[in-house]
Amino acid sequence: SATNTPRIEYDASGNCLGLLMEASRTNLVIQSADLTAYTLTNVTIGGNAIAAPDGTTTADSITETVTSGLHRAQSTAIGVANVANTFSCFVKAGLRTKGRITMGGASGSTIANFDLVAVTATPVTPSGNGTCTAATITALANGWFRVTATGVPDSTSGLTYAPRIDLADAAFSFSYAGDTGSVGLYAWGLQAEAAAFASSYIPTTTVSVARTADSCIRTLGSEFSAT
């Protein structure tokens with residue numbers, strides 16, 4: 001929202017929830033809505049394929065190749081301290097309804113599996129360092145969901161981590177033979193922030209972006225009684 005414009009929050013059904021007041025946050029993910037800039041493993045990306053949760057045609061499609069193995073889109077690596085971080089992404093089902101979001105590196109990860117049919121998000125204990133202490137999934141309009149994973153990517157040091165999305169087959173296997181030409185998932189709005197829960201989405205392009213804290217001031221008039 002523009003300066004001096006209140007941010008009003010709504011639920012997926014359009015019901016007004018009131019004034020949205022948030023602390024300052026920074027989205028560390030680069031190109032948060034442009035998966036064509038990501039490192040791809042056995043997938044191709046269709047840029048600006050469908051309408052995103054904000055109504056703009058900026059959500060990307062993730063299409064599988066027939067290759068057996070992981071099917072993944074991975075963002076540029078970002079520096080994250082060994083404190084609680086929350087990684088989030090908006091996803092919509094295509095052929096696939098299962099997957100995972102990960103903030104991972106050589107020494108640790110924060111991982112959450114999601115199921116868009118059961119509407120569940122599950123924290124995963126990584127094989128190396130790192131934790132995932134909480135995972136959430138929120139249903140939005142038009143088949144979109146926001147999935148979050150919160151944890152400390154590496155319990156020993158602050159290192160570099162790459163946010164990524166993996167597709168899974170019906171058996172929740174992440175290594176499988178892809179269905180060539182089929183859109184597995186749609187994705188938009190990746191965000192990583194140094195906090196114990198996700199805030200509202202902060203778009204980025206070539207650099208990380210900070211949102212200033214909300215501040216609300218109301219001048220009282222005749223409706224206020226000093227007594």
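This passage describes the sheet, the salt bridges, selected residue environments and a surface patch of a predicted model.

The strands considered first belong to an open sheet of six, arranged in the order β5-β6-β18-β10-β15-β14, with antiparallel pairing. The edges of this sheet are occupied by β5 (43-50) and β14 (134-139), each of which has a single partner strand, so that one side of each is left without a neighbour in the sheet. Direction ignored, neighbouring strands of the sheet are turned against each other by 30° on average. In general, strands of a sheet pair through backbone hydrogen bonds, in either a parallel or an antiparallel arrangement. At the β5 edge, the pairing with strand β6 (residues 59-64) is antiparallel and extends over five bridges, and the bridge partner of T44 in β6 is T63.

Salt bridges within the model number ten. One of them joins R72 to D166, with the closest N and O atoms 2.9 Å apart. Because R72 lies in strand β8 (residues 72-74) and D166 in strand β16, this pair ties together parts that are 94 residues apart in sequence. Both ends of the bridge are withdrawn from the surface by the accessibility criterion: R72 is buried, with a relative accessible area of 14%, and D166 is likewise buried, at 0%. A further salt bridge to D166 is formed by R164, for which the closest N and O atoms are 3.9 Å apart; R164 is buried as well, with a relative accessible area of 15%.

The side chains of K98 and D115 also meet in a salt bridge, the N to O distance being 3.8 Å. Since K98 is placed in strand β11 and D115 in strand β12, the pair ties together parts that are 17 residues apart in sequence, and both residues are buried. In addition, a network of salt bridges links R7, E22, R211 and D214.

Strand β11 (residues 98-104) also contains T102, which is buried, with a relative accessible area of 1%. When residues up to four places away in sequence are not counted, T102 touches F87, S109, T110, I111, A162, P163, R164 and D166. The contacts of T102 therefore include R164 and D166, a pair joined by a salt bridge, and the burial of T102 follows from its 1% relative accessible area, which is under the 20% limit that defines a buried residue.

A partly exposed setting is found for L28, which is located in the loop between β3 (25-27) and β4 (39-41) and has a relative accessibility of 24%. Residues up to four places away in sequence being left out, L28 touches I78, G79, V80, A192 and S208. Of these contacts, A192 is 164 residues from L28 in sequence, while the C-alpha atoms of the two residues are 5.4 Å apart in space.

Strand β2 (residues 16-19) includes L19, and G18 lies in strand β2 as well. G18 is partly exposed, with a relative accessible area of 21%, and its contacts, leaving aside neighbours within four places in sequence, are R7, I8 and E9. Among these, R7 takes part in the salt-bridge network with E22, R211 and D214. Between G18 and T136, which are 118 residues apart in sequence, the C-alpha to C-alpha distance is 22 Å. L19 is partly exposed, with a relative accessible area of 42%, and contributes, together with I8, Y10 and M21, to a nonpolar surface patch of about 390 Å². I8 thus appears both among the contacts of G18 and in the nonpolar patch.

Two backbone conformations remain to be noted. Most residues other than glycine have a negative phi. V119, although not a glycine, has a positive phi of about 55°; this residue is found in the loop between β12 (109-115) and β13 (120-124) and counts as partly exposed at 36% relative accessibility. F172, which is not a glycine either, has a positive phi of about 65°. The position of F172 is in the loop between β16 (159-168) and β17 (176-177), where the residue is partly exposed, with a relative accessible area of 29%.

Terms used:
Residues are numbered from 1 along each chain as its sequence is written. This is a predicted model: local features need pLDDT of at least 70, side-chain atom pairs count only at pLDDT 80 or more; totals for chains, interfaces and linings use all residues. Side-chain values use heavy atoms; hydrogens and water are left out. Patches are made of residues with over 30% relative accessible area and no salt bridge: like charges are joined within 9 Å, nonpolar side chains (Val, Leu, Ile, Met, Phe, Trp, Tyr) within 5 Å. Accessible areas come from the Shrake-Rupley method with a 1.4 Å probe; for residues, only the protein chains shown count as cover. A salt bridge is a side-chain nitrogen of Lys or Arg within 4 Å of a carboxyl oxygen of Asp or Glu. Helices (H or I, at least four residues) and strands (E, at least two) are DSSP runs, numbered from the N terminus. Buried means under 20% relative accessible area, exposed over 50%, partly exposed in between (1.4 Å probe, protein chains only). Two strands pair if DSSP finds at least two bridges between them. Axes are lines fitted to C-alpha atoms, for helices over the stretch in contact, and angles run from 0 to 180 degrees between N-to-C directions. Contact means heavy atoms within 4.5 Å.
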